[in-house]
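Dear colleague,

I am passing on the structure we spoke about, and my notes on it follow below. Please read them with the model open beside you.

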Amino acid sequence: MSRAAVLCGLGGSLPERIVSNEELAEQLDTSDRWIRTRTGIGQRHVVAPGQSTSDLAVAAGAQALASARATAGRADDGVDPVDPVDPVDLVVLATSTPDRPCPATAPDVAHRLGLGHVPSFDVSAVCTGFVYALATAASMITAGIAGRALVIGADTFSTILDPADRTTRAIFGDGAGAVVLRAGDSGEPGALLGFDLGSDGSGADLITVRAGGSRQRSVPGPAAEGEEFFTMDGRPVFTRAVLDMSRSSQSLLERVGWSAAEVDKVVAHQANIRILNAVGEQLGLEEKQIVANLDRVGNTVAASIPLALRDAVAGGELQPGHRVLLTGFGGGLTWGSAALVWPELETGRPHR
Ligand code: COA
């Protein structure tokens, strides 16, 4: 047994407003049939005017903290989700839609959650952000730098999409998901057993927002029209997503010593049901091993994996003792996987 980071709390938050495929079809040249058959998505949630990534991150974080407190068997007062006995001493927020380009959004989230002067920072790896953030926080725990971490994935891509782009508007939705990690040992359920991470910057242009960074701002004059919007080259992204999530999953499974058949649930980044099925085929998985909630939420970027975990737990699909493989792929290009045995978790009361 060795010191390890153990998952002990889970939460999530979605904005209230739901945009159905039918509503999109009223505004754009698309249809419910096209979106469902080509992506598997039926609806997505979008933020209200004035609502931002940090708002969703705070709500998801509060729920994960309440879950951790309840899992530890401590009273939940319904008001303050922070555990007075074992407070969080690290916040890592995965997002590529921060509230502002500078500073990071994590310190504001930590402050609003009442966590005091804890170290907090953002991780930017687009749809792989949650796995990168999980690996960062877990490493800080195993290194003894932190004892208890709140890891959040939150994005509001509706704020950076081109309103006229039928492809990206069909795919992306807003949301936040969060977990709490505590120091424990590698033999416990919930211990993060290993990671596989990678990137390939030669594909940086495939998923991008061209304006708003130093490259564009160092050129005199305003950004060219439309450069402030998110763009994606769907076909090559599809191919790389299948390839890189499959390869990353395979190499992690080898390291952890599990066969694909021994994995109970694969919780992959929810980008497109055809990508999930293709990864399943590459790994030789059966349909029942693959968790999918994208029909209800779309691609929620850094929130995707923790929201899929939350829905799988709520629906009874994910049970304590299950061997779980997480795998993600996103802009950068980036990819990453993590493995754990699912722990017994209490959900805690949602805090407002
Ligand atoms: N409604 C109707 N038609 C649409 C559409 C929409 N919402 N979006 C695209 N189309 C059209 C295209 O314009 C194209 O028309 P054309 O043949 O007249 O040029 C046609 O559908 C096929 O487009 P194509 O891009 O080849 O479709 P596809 O089957 O590859 O599906 C994606 C497009 C974007 C759904 C798919 O490529 C994908 O999921 N890519 C990966 C996305 C992803 O994972 N992103 C996040 C990574 S983290």
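Ligand site and backbone notes

In this predicted model, a polar backbone atom of G234 lies 3.0 Å from a nitrogen atom of the ligand. The ligand exposes 950 Å² when taken alone, and 74% of that area is buried by the protein. Two side chains also make polar contacts with the ligand: an N or O atom in the side chain of T30 is 2.6 Å from a ligand nitrogen atom, while an oxygen atom of the ligand has a polar side-chain atom of R166 at 2.8 Å.

As for the wider surroundings, there are 24 residues around the ligand, of which T30, R38, R166, R235 and N272 come nearest. By residue class, this shell consists of 11 nonpolar, 8 polar and 5 charged residues. At least two shell residues are supplied by each of the helices α2 (32-39), α6 (166-171), α8 (234-256) and α9 (273-283), and likewise by the strand β12 (323-330). Both domain 1 (3-185) and domain 2 (192-341) take part, since the shell draws at least three residues from each of them. With regard to the pockets of the protein, the ligand sits in the second largest one.

Turning to the backbone, I would ask you to look at three places, each of them in a loop. The peptide bond that joins C102 and P103 is cis, with omega at about 0°, and P103 belongs to the loop that runs between β4 (90-94) and α4 (106-112). A cis peptide bond also leads from G332 to L333, where omega is near -10°; L333 is placed in the loop between β12 and β13 (334-341), and β12 is one of the elements that contribute to the ligand shell. Finally, V126, in the loop between β5 (120-123) and α5 (129-142), has a phi near 50°, which is a positive value in a residue other than glycine.

With best regards

Notes
Residues numbered from 1 in each chain as written. Predicted model: local features only at pLDDT ≥ 70, side-chain atom pairs only at ≥ 80, totals over all residues. Heavy atoms only, no water. Near = heavy atom within 4 Å. Polar contact = N/O pair within 3.5 Å; in protein donor to acceptor, adjacent residues only side chain to side chain. Areas by Shrake-Rupley, 256 points an atom, 1.4 Å probe, with all protein chains shown as cover. 1 Å grid on protein atoms, 1.4 Å probe; cavity = no way out; pocket = protein on both sides within 12 Å on 5 of 7 lines; lining within 4 Å. Sits in = over half its atoms within 2 Å of the grid points. Helix = DSSP H or I, 4+ residues; strand = E, 2+ residues; numbered from the N terminus. Nonpolar A, V, L, I, M, F, W, Y, C, P; charged D, E, K, R; others polar. Domains from an automatic or database assignment.
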